[in-house]
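Me: Could you take me through the aromatic residues of this model in some detail? I would like to see how they pair up and what surrounds them.

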Amino acid sequence: MGGKQDGDEACGESQGKPAKYDPSFRGPIKNRSCTDIICCIFFLAFILGYIVVGIVAWVYGDPRQVLYPRNSTGAYCGVGANKDKPYLLYFNIFSCILATNIITVAENGLQCPTSQVCVSSCPEVAWTVEVSQFSQNVGEVFYTANRNFCLPGVPWDMPVIQSLQQELCPSFLLPSAPALGRCLPLLNSTLPELPGISSNTSISQGISGVLDSLNARDITVKIFEDVAQSWYWILVALAVALVLSLLFILLLRLVAGPLVLVLILGVLGVLAYGIYHCWEEYRVLRDKGASITQLGVTTNLSAYRNVQETWLAAVIVLAVLEGTLLLLLIFLRQRIRIAIALLKEASKAVGQMMSTLFYPLVTFVLLLICIVYWAMTALYLATSGQPQYVLWAPNASLPGCEKVQMNTSCNPMSQPMNSSCPGLRCVFQSYSSTGLVQRSLFNLQIYGILGLFWTLNWVLALGQCVLAGAFASFYWAFQKPQDIPTFPLSSSFIRTLRYHTGSLAFGALILSLVQIARVILEYIDNKLRGAQNPVARCIMCCFKCCLWCLEKFIKFLNRNAYIMIAIYGKNFCVSAKNAFMLLMRNIVRVVVLDKVTDLLLLFGKLLVVGGVGVLSFFFFTGRIRGLGRDFENPSLNYYWLPIMISILGAYVIASGFFSVFGMCVDTLFLCFLEDLERNDGSPDRPYYMPTSLLKILGKKNEAFPGDKKKKNK
């Protein structure tokens, strides 16, 4: 390995043996075989089962109970026979508050112990049935006055008093507005005198809690209006983010060195200013005599800002960091130069294969499909079950209701309209939970969650392995760009799917299990937070920290394993082992390259997101003048909305582009380390690395580009 020869760490047996020279190696292996076949079969069987779960959910589920409100008979408002009646009206909405708490009402689909009817529009004015109208019929009081709020089938000539006793028609109406598909009273309306209902504060407070969503609806309408007014300019801002990201990556080959130098000097400057500021604060407090001995021990942490010992400790910490960073720069300057050279080479690789920059769109589409499929499957599973109907009466203690067995099953198509019990009806109660699907609902949902995590991680692994194969073909091309394969990205995609689906599934499964364990731990912590003692909280925090570290390590190991899979075509375990050992033999280079790359990409994201954010702010706030009428900023309710959308979109675009660049850097780095171990610069074993890296390492190729190929011929 070049590690011993160029001053890197000596490699022992515990870190594996260096890669040996292979005269037949010409980059990513083309003659390869399928890897991790058992895991591939298991993954495909799991996907087949996942599809079966989706089919079962689609057959038994009914998402309309979430999307549409139901009337008293269980019929949906806004669909079918009630297509022209999209809103649900509660005859006595106060019963929703008085009968139970709002949480229970919400869990029951906002079903309340009162008659409910689908209506075409919500009441606009307050109205109450007067005593003089009790003797009139329903047609005169309701239908002729265009109050079409009675239950379907109530005859014209039915006495009003009878319709009120049986709750076939409402005894009062309140000015309402639709929210969540239901007519809910307006908060600012004056309530009329309601018979049998007190106007105490608890009722008013309860209604206020139910109606909070009305203000949210108005905001939602305004948000949609703003998006409709500014969508064109949002797309322009996203296009600017795309161009800036692309330019930043392509220009790194020219400015990577100076940019890294500026960023390092910036970090040193910030630390130096921090030392100066803390020293000035310490000096002022020292002259005043403010000491921690005067303050004592307190839980008010802000009080420690006024004692000299706090600032002295800050000076010491910052000075140690500054000195450590300077020493690292002095002793690791050659490795920093190697990192900069690899960044320049990565920029060239991306420039040679521009299609790789747009591969994140493929990943995004696949991720979107996985998320949508899981969401629809979970929704259909949660709404599976047959509707159950029971007998119900407003007042079961009235004469004639004693012999009726309430809450027994009934047929909603034959309503007991002429029963001796006033108001007896067959109403919707809930959905059945006794079927096979309902009994297995929890297990099916767990299966779906595992499917979500596994498929998402597999899609991400596919993207990493495909990009690694494409960029490896660039590095191992002896003459660039002549020896770069035609369509390297598509070739890598087909090769990865054909041979390494099982290996990707293996790595994705390991990561998914750790992530699910973290989710379960977060759920337990949230449930037990109120009852925990300090010791239990400390233990829980330690477990969460350990799982977080484990997840980060597995992501790092998987990423490098996929690179080795893309190059050599071996199974996941062997590739992970080889990648880990190779990195451990060059641990200092790994740390330096990782930190330099992170610093550079962080600066790139700040540049793209900050630039788009500033331009969006000045444009949408109307601070850019003289652009002409075609470029005037739109009139908006919330000018910050398109700005936030533009910033979020710019961050997503920059992250997509820079993730490709980061994968390119990691791939070229592993290839560079393999190149150092495999070759020695002789005519038979020339280096594949660029001339800039050879100069930094003090090496050279005895064979000129092309000599190796001629000799092999």
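Reply: Happy to; here is a walk through the aromatic pairs, followed by a look at the core. Please keep in mind that this is a predicted model.

Across the whole structure, a search finds 22 aromatic pairs. A good place to start is Phe46 with Trp454: their ring centres are 5.0 Å apart and the planes make an angle of 55 degrees, a tilted pair. Phe46 belongs to helix α2 (residues 37-60) and Trp454 to helix α15 (residues 441-475), so this pair ties together parts that lie 408 residues apart in sequence. Phe46 is buried, at 7% relative accessible area, and Trp454 is buried too, at 0%. Both residues belong to one aromatic cluster, whose members also include Phe42, Phe43, Tyr50, Tyr373, Tyr447 and Trp458.

Now set beside that the pair Tyr273 and Tyr276, which is tilted because the planes stand at 45 degrees, with 6.4 Å between the ring centres. These two tyrosines sit 3 residues apart in helix α9 (residues 212-288), about one helical turn. Tyr273 and Tyr276 are both exposed.

Aromatic residues also turn up in the largest nonpolar core, which has 100 residues; Phe661, Phe672 and Met689 have the most contacts inside it. Helix α21 (residues 640-678) is the main contributor to this core, giving 17 residues. Beyond its neighbours within four places in sequence, Phe672 is in contact with Ile338, Leu342, Tyr475, Arg589, Met689, Leu693 and Leu697.

Technical notes
Residues are numbered from 1 along each chain as its sequence is written. This is a predicted model: local features need pLDDT of at least 70, side-chain atom pairs count only at pLDDT 80 or more; totals for chains, interfaces and linings use all residues. Side-chain values use heavy atoms; hydrogens and water are left out. A nonpolar core is a set of buried Ala, Val, Leu, Ile, Met, Phe, Trp, Tyr and Cys residues joined through side-chain atoms within 4.5 Å. Buried means under 20% relative accessible area, exposed over 50%, partly exposed in between (1.4 Å probe, protein chains only). Helices (H or I, at least four residues) and strands (E, at least two) are DSSP runs, numbered from the N terminus. Contact means heavy atoms within 4.5 Å. Rings of Phe, Tyr and Trp (its six-membered ring) pair if their centres lie within 6.5 Å; planes under 30 degrees apart count as stacked, over 60 as edge-to-face and the rest as tilted.
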